[in-house]
Amino acid sequence: MPTINVDKYRLFEELGEQFTPDTFQQLCFEFGIELDKDTEEDETRPKDQAPELAIEIPANRYDMLCFEGIAMYLNIFRGKQTTPNFKLLDIPEDKMQKITVSPETEKVRPYVAGAILRNLKFTPERYESFIGLQDKLHQNLARQRTLVSIGTHDLDTIQGPFTYEALAPKDINFVPLNQTKKMNGQELMEFYESDKHLGRYLHIIRDKPVYPVIFDANKTVCSLPPIINSDHSKITLDTKNVFIEITATDQTKLDIVCNIMVAMFSKYCDEPFTIEPVKIVSEHNGTTRVTPSLHTRVMDVEVDYLNQCCGLQESPESLCKLLGKMAYTAVPDKEDAKLIKVSVPPTRADVLHACDVMEDVAIAYGYNNLPRTSPNQASTIGKPLMINKVSDIVRNECAMAGWIEVMPLILCSHEENFEWLNRVDDGQTAVKLANPKSVEYQVVRTSLLPGLLKTLRENKSVRLPLKITEVADIALKDETKERKARNERHFAAAFYGKTSGFEVVHGLLDRILSMLRVSFVTHEEDLHGKSIDYKVAENPSEEKGNGYFIKEIDEPTFFQGRAAAIYLRLGGETRRIGEFGVLHPTVLEKFDLRYPVSVLEVNLEVFL
Amino acid sequence: MAPPTNTTASSEDLATDILAALDKSQPLLSSDAFPSATFVDLKAALDRLASREMVRYDTIERQEALLEPEAEQIVANGSHEARVFEALRKAVEGLSVKELEEAIGDKNVVKIGQGKAFKEKWISKTKDGKFTAVADKINDTTQEQIKTVQQTKTHPDPKILADLKKRKLIRTQNIFSFKIHKGPKFALKIPEEATDLTADMIASGAWKTATFKPYNFKALGATQNGGALHPLNKVRQELRNIFFEMGFEEMPTDKFVESGFWNFDALFVPQQHPARDLQDTFYISDPKAADFPRADSPDDTKDYQAYWGNVKAVHQDGKYGSIGYRYPWSGDESLRLVLRTHTTAISANMLHKLAATKGPDGRPLPARYFSIDRVFRNETVDATHLAEFHQVEGVIADYGLTLGGLMEFMEIFFGKMGLHDLQFKPAYNPYTEPSMEIFAYHKGLGKLVEIGNSGMFRAEMLESMGLPKDMRVFGWGLSLERPTMIKYGISNIRELLGHKVDLEFVQGSPAVLLGQE
């Protein structure tokens with residue numbers, strides 16, 4: 001959420017009320033903004049700085065990203081003012097300032113809008129807020145100027161009609177804002193390469209064949225969007241007439257930005273809330289129009305919908321009154337008593353659907369004042385997920401058998417998942433991340449072992465032996481799936497002690513599988529702990545009954561002769577479901593473990 | 001473990017000796033009867049006997065004076081002043097300092113001794129600067145005093161004792177000894193004691209006559225070394241139980257990898273939304289891209305192509321009474337693979353399937369779903385942020401739901417977690433409208449703290465799926481880690497989730513009992 005800093009006492013003056021910290025906090029809470037900080041009591045605040053409030057604004061309220069917006073909406077909410085009637089100066093189109101768009105702009109930044117604020121009175125505070133709003137809009141809605149960028153000019157230093165063109169970088173020559181030297185587009189890119197503020201915007205156009213540029217009638221460069229304005233037309237505290245040009249790659253956001261910029265600051269014009277329009281001539285893409293639109297949208301909203309969702313039984317008139325607090329102008333529909341006509345002011349770009357209006361009814365009424373009703377409608381039946389039931393059996397049996405449950409991370413480094421376990425990445429197994437901030441998060445684990453071994457590594461000071469388990473998901477690439485990957489629920493255990501603990505891990509496997517009603521199938525004699533459905537088979541792989549058996553394996557993860565694969569036979573089908581064994585000493589070394597470790601890992605999905 | 005009172009062989013003998021000595025005379029002073037026994041051995045033997053009421057005893061504390069090495073020397077050779085006098089007495093002509101030092105052979109003795117001898121008027125100085133004896137006979141009191149101390153370990157005159165101590169000739173130490181009386185169960189022999197009741201004793205009936213060693217009730221019992229469940233999973237289980245109590249069905253959350261479609265677009269999160277930035281979401285480089293949404297089982301007969309079209313339309317052009325975001329929606333962007341940033345991707349999938357169900361009235365059935373599972377954010381890791389955490393999510397789909405009902409439900413749900421008197425704050429979330437942040441008063445912090453997020457899913461999301469307009473859906477979520485951290489007083493999330501957890505912490509974490517006041 002964007003945070004806006006405003007002068008505390010100027011805001012209170014604008015609101016016509018001296019709030020206490022609690023009452024202002026309460027107002028913010030009810031309205032849905034958040035008072036983040038009040039520097040009144042902050043001892044680090046420089047003595048010459050007035051106390052500030054840092055206010056967090058919901059991410060879709062672009063019209064509250066400045067002092068003027070916050071003050072206006074809070075005043076409307078508190079019934080201290082009504083929504084201003086923003087209007088365009090009534091002049092014929094041929095008398096309007098014009099921006100003619102060249103088709104070349106399609107190659108880089110196709111859309112433009114313009115507006116003029118006449119006879120504006122800047123004060124240092126207003127000026128700062130004017131710059132601040134542009135900055136906040138650039139950061140948020142405009143996604144770091146990629147979608148929209150704003151240029152503002154002293155109209156008295158330039159002369160319309162204007163053109164919006166796109167030229168080869170070397171053909172654009174001007175003195176950028178606050179510079180003294182003239183430079184072309186190429187030189188400008190180099191000049192701002194390491195600029196802390198502007199450097200991050202260069203990529204938006206740098207490699208384009210043409211750069212966008214706004215010229216006045218005398219071919220004076222006004223700006224090179226989205227990077228910088230020219231020094232020639234810069235606005236100052238003394239500027240009276242402001243020419244605003246806005247360029248964009250997204251037309252919807254262009255119009256939103258244009259409306260908000262002029263709505264917030266037209267307040268300071270001689271004729272408040274009146275904006276001089278600019279005609280955009282853009283025949284090649286059919287966007288010839290007059291900007292800003294300042295379009296007030298009228299929505300027909302059902303009275304029943306508003307009342308039902310909020311659990312209210314308000315009359316259309318009273319709903320309209322509530323909506324007035326949220327800057328709408330709403331009136332009951334004269335023809336249809338079931339509807340109200342809601343006018344959405346041009347600044348409320350966040351209102352897309354009747355549900356947005358409905359939320360505002362609830363806010364105006366006060367969320368915490370809404371009548372509470374029984375939450376019970378239809379009765380439903382609770383149901384656990386079967387794989388979680390199986391997991392819980394295994395987790396609880398492990399704990400009962402004296403093992404400690406751990407919860408390592410799911411993301412790990414490629415090395416931890418493969419090389420350190422002496423495993424080879426065949427490229428068909430692991431899901432890989434494109435943009436991790438750290439090497440710790442390169443792949444989604446395909447085994448629970450890295451997490452267990454890292455947990456042992458971090459717990460070497462705990463009394464031996466350590467016996468840990470985890471029952472959780474791994475993920476595997478799977479081209480047959482819509483998302484090209486699937487999760488698999490695994491159960492794993494690790495024993496860390498002065499002896500390998502191989503038989504301990506083996507015993508845990510037997511215990512867990514017998515608790516899952518799977519019997520051991522073997523041709524060995526002298527096996528203890530025979531369960532009721534214990535079977536003896538001479539050759540386990542040919543036997544038909546259900547059960548599990550193990551077979552020695554030679555895999556580099558494990559110490560030779562101390563590892564086995566676990567096979568499960570269900571309904572005549574035999575498949576490998578996991579493995580256990582003593583880890584190879586080279587694996588221990590990689591995970592910085594000093595004592596032998598035996599591990600076990602089993603796929604639990606097969607028990608569903 | 002509570003060990004039985006420890007008994008070594010030597011204290012065994014000593015105890016018997018004490019009983020024998022006590023039989024002859026009482027009270028018995030340990031310092032007289034057993035001068036060579038150490039305090040520790042004596043105390044152990046006496047405690048053993050006393051615990052059986054065979055003896056009772058008092059501890060006597062007294063001070064004992066001991067000679068320092070310098071005093072030992074004085075006992076052997078006389079005091080420094082006496083030695084100076086003796087040396088001078090033998091030399092008729094008197095001695096210079098140097099000669100005196102040679103005669104005695106210890107500069108230090110000369111230095112201290114001559115001063116003291118002058119004071120006693122035993123010696124004087126001649127005109128040529130030599131020392132000479134003037135007394136006829138001297139009485140070496142210092143030596144006598146020290147000898148007294150050596151013999152009696154003290155001196156009858158406390159002033160002298162203090163003076164010797166000040167002169168660093170003696171040191172004192174506290175000595176404990178015991179005054180021992182017979183106890184009510186006095187006997188000459190300690191009866192044989194059993195440490196534990198055994199099967200043999202029960203079989204033989206020996207328990208009837210046996211004496212049992214007393215148990216140490218002040219110590220802890222034996223360590224159990226038991227297994228343990230992870231505290232996060234314990235809280236998770238409590239929350240699952242709350243959901244089950246309230247009729248919720250657990251959602252299959254077995255998809256860490258999601259497409260942008262399910263994770264964002266289906267939820268009406270626009271493609272330029274900051275949550276979709278590389279800064280916030282993990283994108284997948286391998287595998288490359290998702291397939292178009294499609295049925296994942298043969299009995300799923302929904303038209304996924306229509307759904308895809310609806311989602312595109314509602315974003316790009318507006319639909320279902322919404323003006324939409326009005327931007328060119330990209331199918332490629334939608335098929336990019338991500339690690340799910342929330343389990344709401346699963347909820348979307350479930351609600352889309354719900355739209356195909358038909359109740360008795362031909363409309364989709366009301367439903368309650370929940371899940372608690374891992375989600376991923378491309379966060380910079382710190383004490384309160386990890387790239388992974390668990391999201392607790394609940395969804396209620398029904399007809400005629402109201403905001404008041406949602407709030408009342410939250411009051412019941414969080415009430416089961418022990419959180420009451422909730423406050424709701426308007427908030428923004430791209431897929432819920434209205435959106436409500438849920439706050440509860442935290443007694444420890446003395447302020448309202450945010451405990452979760454909730455709202456009604458937007459029509460753009462639900463109607464794209466084919467759910468009827470009058471079916472409303474609540475959704476709410478919270479993290480599993482935060483309530484667990486509060487419950488167990490943990491300030492660093494890395495001590496809870498991940499490999500840096502302390503196994504002893506896992507083992508020692510008590511049960512959760514959410515809702516217990």
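User: Which are the buried residues of helix 15 of chain B?

Analyst: Let's begin with the ground rules. This is a predicted model, where local features need pLDDT of at least 70, side-chain atom pairs count only at pLDDT 80 or more, and totals for chains, interfaces and linings use all residues. Residues are numbered from 1 along each chain as its sequence is written, chains are lettered from A and ligands numbered from 1 in the order in which they are written, and side-chain values use heavy atoms, with hydrogens and water left out. "Buried" means under 20% relative accessible area, "exposed" means over 50%, and "partly exposed" is in between (1.4 Å probe, protein chains only). Helices (H or I, at least four residues) and strands (E, at least two) are DSSP runs, numbered from the N terminus. Now your helix: the buried residues are B:Thr344, B:Ala345, B:Ile346, B:Ser347, B:Ala348, B:Asn349, B:Met350, B:Leu351, B:His352 and B:Leu354. That is 10 of the 11 residues of helix 15 (residues 344–354), so the helix is mostly covered.

User: Thanks! How do I read strand pairing, and how many bridges join strand 28 of chain A to strand 29 of chain A?

Analyst: Two strands pair if DSSP finds at least two bridges between them. Here, strand 28 (residues 547–552) and strand 29 (residues 558–570) of chain A run antiparallel and are joined by 6 bridges. To find one on screen, pick A:Ile550 and look across to its bridge partner in strand 29, A:Ile566. The two strands form a hairpin, with 5 residues between them.

User: What does strand 29 of chain A pair with over 9 bridges?

Analyst: Strand 30 (residues 573–583) of chain A, again in the antiparallel sense. A:Ala563 stands opposite A:Gly581 of strand 30. These strands also make a hairpin, this one with 2 residues between the strands, and A:Gly571 takes a positive phi near 55 degrees there.

User: Going back to the loop between strand 28 and strand 29 of chain A, is A:Thr557 buried or exposed?

Analyst: A:Thr557, which sits in that loop, counts as buried because its relative accessibility is 2%. A polar contact is a pair of N or O atoms within 3.5 Å; within protein, one must be able to donate a hydrogen and the other to accept it, and residues adjacent in sequence count only if both atoms are side-chain atoms. In this case, a polar atom of the A:Thr557 side chain lies 2.8 Å from the backbone oxygen of A:Leu421.

User: What is the strand order in the open sheet of 7 strands in chain B?

Analyst: Reading across the sheet, the order is 8-12-13-17-16-15-14, with mixed pairing. Its edge strands are strand 8 (249–250) and strand 14 (423–426), each pairing on one side only. Inside that order, strand 12 (residues 367–376) and strand 13 (residues 388–399) of chain B pair in the antiparallel sense over 10 bridges. One pair to look for is B:Tyr369 with its bridge partner B:Val395 in strand 13.

User: How do I read a salt bridge, and how many are there over all chains?

Analyst: A salt bridge is a side-chain nitrogen of Lys or Arg within 4 Å of a carboxyl oxygen of Asp or Glu. By this rule the count comes to 66 over all chains. One of them joins A:Asp592 and A:Lys460 at 3.2 Å, N to O. A:Asp592 lies in the loop between helix 14 (585–590) and strand 31 (597–603) of chain A, and A:Lys460 in the loop between helix 12 (449–457) and strand 24 (466–477) of chain A, so the pair ties together parts 132 residues apart in sequence. A:Asp592 counts as partly exposed at 46% relative accessibility, and A:Lys460 counts as partly exposed at 23%.

User: Where can I see buried partners?

Analyst: Try B:Glu460 and B:Arg458, which are both buried. Their closest N and O atoms are 3.0 Å apart in a salt bridge. For another case, B:Arg62 and B:Glu64 meet at 3.4 Å, N to O. There, B:Arg62 counts as partly exposed at 34% relative accessibility, whereas B:Glu64 counts as buried at 12%.

User: Which residues are linked in a network of salt bridges?

Analyst: A:Arg61, A:Asp63, A:Arg348, A:Asp350 and A:Asp360 are linked in this way.
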